[in-house]
Amino acid sequence: MKSHPFQLSSMAEYRAACQSADENPASFWAEVADSFQWIQPWESVVESDFEAAHFAWFKGAKLNITINALDRHARIQPQALALAWEPNDPNEQGRRFSYAELLQHVERTAGMLRRLGIKKGDTVGIYLPMVPELVFSVLACARIGAIHSVVFGGFSAQALASRLNDASCRLLITADEALRGAKKIALKNIADEALLASPSVERVLVFARTGAKVSMKPGRDLDWAESWSHANNPALGHAETMDAEDPLFILYTSGSTGKPKGVVHTTAGYMVWTAYTFVNVFQYKPGELHFCTADIGWITGHSYIVYGPLLAGASTLMFEGLPNWPDSNRWWQLIEKYKANIFYTAPTALRSLMADNKEGPMEFAMNSLRVLGSVGEPINAEAWHWFKDKVGKGRCALTDTWWQTETGGIMIAALAGMGSELPTYAGLPLPGIVPVLMDANGNRQPAGEAEGNLCLEKPWPGMARTVYGDHERLRQTYFSIHPGYYFTGDGCLRSKEGMYRITGRVDDVLNVSGHRLGTAELENAINAHSCVSESAVVGYPHSIKGQGICAFVVADFGNRPVFERNKEVLDLVGKIIGPIARPDLLVFVPGLPKTRSGKIMRRILRKIAEEQSDSMGDISTLLEPDLVPILQTAFLNEKKGGD
């Protein structure tokens, strides 16, 4: 049984859809879009200019994404489960919301925002733990036409401030504390520090997660519960009429320069793409429960905890805690408790759980599971087989998905249960996606088996429209390196059968536990220490994270102990960016490999960190070639000490 008219149910249908999307994209996407509720139809389906990086989908159409995610389901299936929330502590009671109840909560939150003076086009910063109020806030912004900008709760005050300022947020929604396993994170204290440097923020709405005593600045800070009690006018919760190309949200992602990019997604195209990919990649069936373990502070949480599942009328589970607290069976317990049918997670977490228990969750039958999904980074073969055999018991389809913050939703994947699974390969492109592999000289590789930089030849509805306040940065980053194509920044292998395998970043961006971190941003943080003269950051193979962070640092700490020196640098990175960005290895060295013109040769450092000394290449052009063996020894000693 198809859950939606646009659901593909066989490889023959998939191939036909690819051909249709390729030959007549306007007709193909118009037919998909007809499944949604529109206030006013579109005048044109797609406008595309790769040179100017200008794209528009469903131009002229009017809609509200929350009508499609909430109202229509509340009308058809009001008692169906929309959102289930599992708290950090297994002894705390979870919460469940039917579609009718979730709509009521979103309407009331929307009314609360309107009472605070937030209107269409305003930007709202959200810095909350993984609680239902985060979902209410995101959808309430979309309902009233405000642009939401969610900041991951693990980011520092400085990182939060930079995002609030860049997006010119008028309101910040935060909480007293966040719970992560046995830890409490003082979100309000962090927010207060950030707000010292965030002049655009006029009001702060504070949700009491733990009841901890926090400072409340009169005239600026408001208690969520008190504001909620006054927001009881149903008329204030109405859905604003939005243009197809009105911004829906800004989400910050690291780039190859030090400043994070505010990626902007617009309303109609993102709606169509997330729903289409959710239904087809996971082969969603009516009544199923989808468990995505991501945080809503990242794009995966936006697209596959909130928007994709709700647009499809599915039940979505959000989890506040960690997979290994209070023990490493927490996820398996949740799958059994909620009878989850689809389980979507990251290879980093799987490798960590696999290291704890090679035999897998033997005592948990998890009979409800039908589809497994992997996201965030390429999954290695060992983790793939453990996921398939030990978690899925050999009976579940496994889809390894490739996509990015900028793409809005899944681009390449094995459609669940359709026989396109192959360990380490993401799989096949979704209909409308035309991957192209380019060599280092910008030459397009011929069809068939090939390797190169992964580019995309045609536009798709979910693509980012701009970098907030800096459209030229979008054009330069994604559309200028290989003119006429979208450049993903990833290297890729294509098999003779047309399957795609992502080999990793080819720009100065690291993929650590599925999170993108710019090397320039990391180096800037390290170099902020008064004892550091310069640094260079590269990735290296990490058994759990996939890619670890290795920082080669030139510094003068005098005779201070190593542990003290390391702690100061790591703490500084944690303070400036957040704990997630702390390097795994700090290698203190007398100098960095440079050309005679003073450019740091990161290629040499990558080879050292990957322990590929036999493929170092020509080092004769270095200013100090004798430095290379010193760097190799320093790296190996540090890595051995870290092990």
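Which handedness does the crossing of H4 and H5 have, left-handed or right-handed? In this predicted model, the crossing of H4 and H5 is right-handed. Helix H4 covers residues 99-115, and its axis lies 8 Å from that of H5, with the two helices packed at an angle of about 65 degrees. Since angles of 65 to 115 degrees count as roughly perpendicular, H4 is therefore described as roughly perpendicular to H5.

Helix H5, which spans residues 132-144, also meets helix H3, made of residues 65-76. Here the axes come within 8 Å and cross at roughly 120 degrees. H3 and H5 are therefore oblique to each other. In this case the crossing is left-handed, whereas H4 crosses H5 in the right-handed sense. A reader following H5 through the model will thus meet both H3 and H4 along the way.

The strands come next, beginning with a sheet. Strands of a sheet pair through backbone hydrogen bonds, either parallel or antiparallel. An open sheet of four strands runs in the order S23-S24-S26-S27, and its pairing is antiparallel. At its edges are S23 and S27, the latter formed by residues 500-505, and each of these edge strands pairs on one side only. On average, neighbouring strands of this sheet are turned by 45 degrees against each other, direction ignored.

Within the sheet, the pair made by S26 and S27 can be followed residue by residue. Strand S26 takes in residues 486-494 and pairs with S27 in the antiparallel sense over five bridges. Cys492 has Ile502 of S27 as its bridge partner, and Leu493 stands opposite Arg501 in S27. The two strands form a hairpin with five residues between them, and Gly498 in the turn has a positive phi of about 90 degrees.

A further hairpin involves S30 and S31, which are joined through three residues. Strand S30 consists of residues 532-542 and strand S31 of residues 546-555; they pair in the antiparallel sense over ten bridges. In this pair, Ala536 has Phe552 in S31 as its bridge partner.

The open spaces of the model complete the picture. The second largest pocket has a volume of about 420 Å³ and a lining of 25 residues. Nearest its centre lie Pro429, Ile433, Val434, Pro435 and Tyr500. Helix H1 (11-23), strand S22 (428-429) and strand S23 (435-438) each supply at least two residues of this lining. Of the contributions to the lining, that of H1 is the most, with four residues. S23 thus appears twice in this description, as an edge strand of the open sheet and as a contributor to the pocket lining. By class, the pocket lining has 14 nonpolar, six polar and five charged residues.

Enclosed spaces are also found: the count comes to five cavities of 30 Å³ or more. The largest cavity has a volume of about 50 Å³. Its lining is made up of Val150, Val151, Phe152, Phe155, Arg163, Leu251, Tyr252, Gly297 and Trp298. These lining residues divide into seven nonpolar, one polar and one charged.

Technical notes. Residues are numbered from 1 along each chain as its sequence is written. This is a predicted model: local features need pLDDT of at least 70, side-chain atom pairs count only at pLDDT 80 or more; totals for chains, interfaces and linings use all residues. Side-chain values use heavy atoms; hydrogens and water are left out. On a 1 Å grid over the protein atoms alone, a cavity is a set of points where a 1.4 Å probe fits but cannot get out, and a pocket is an open set with protein on both sides within 12 Å along at least five of seven lines; lining residues have an atom within 4 Å of a point. Grid points are joined across faces, edges and corners, and a volume is the space filled by probe spheres set on the points. Ala, Val, Leu, Ile, Met, Phe, Trp, Tyr, Cys and Pro count as nonpolar, Asp, Glu, Lys and Arg as charged, and the others, Gly among them, as polar. Two strands pair if DSSP finds at least two bridges between them. Axes are lines fitted to C-alpha atoms, for helices over the stretch in contact, and angles run from 0 to 180 degrees between N-to-C directions. Angles under 35 degrees count as roughly parallel, over 145 as roughly antiparallel, 65 to 115 as roughly perpendicular and the rest as oblique. A crossing is left-handed if the near helix is turned anticlockwise from the far one by less than a right angle, and right-handed if clockwise.
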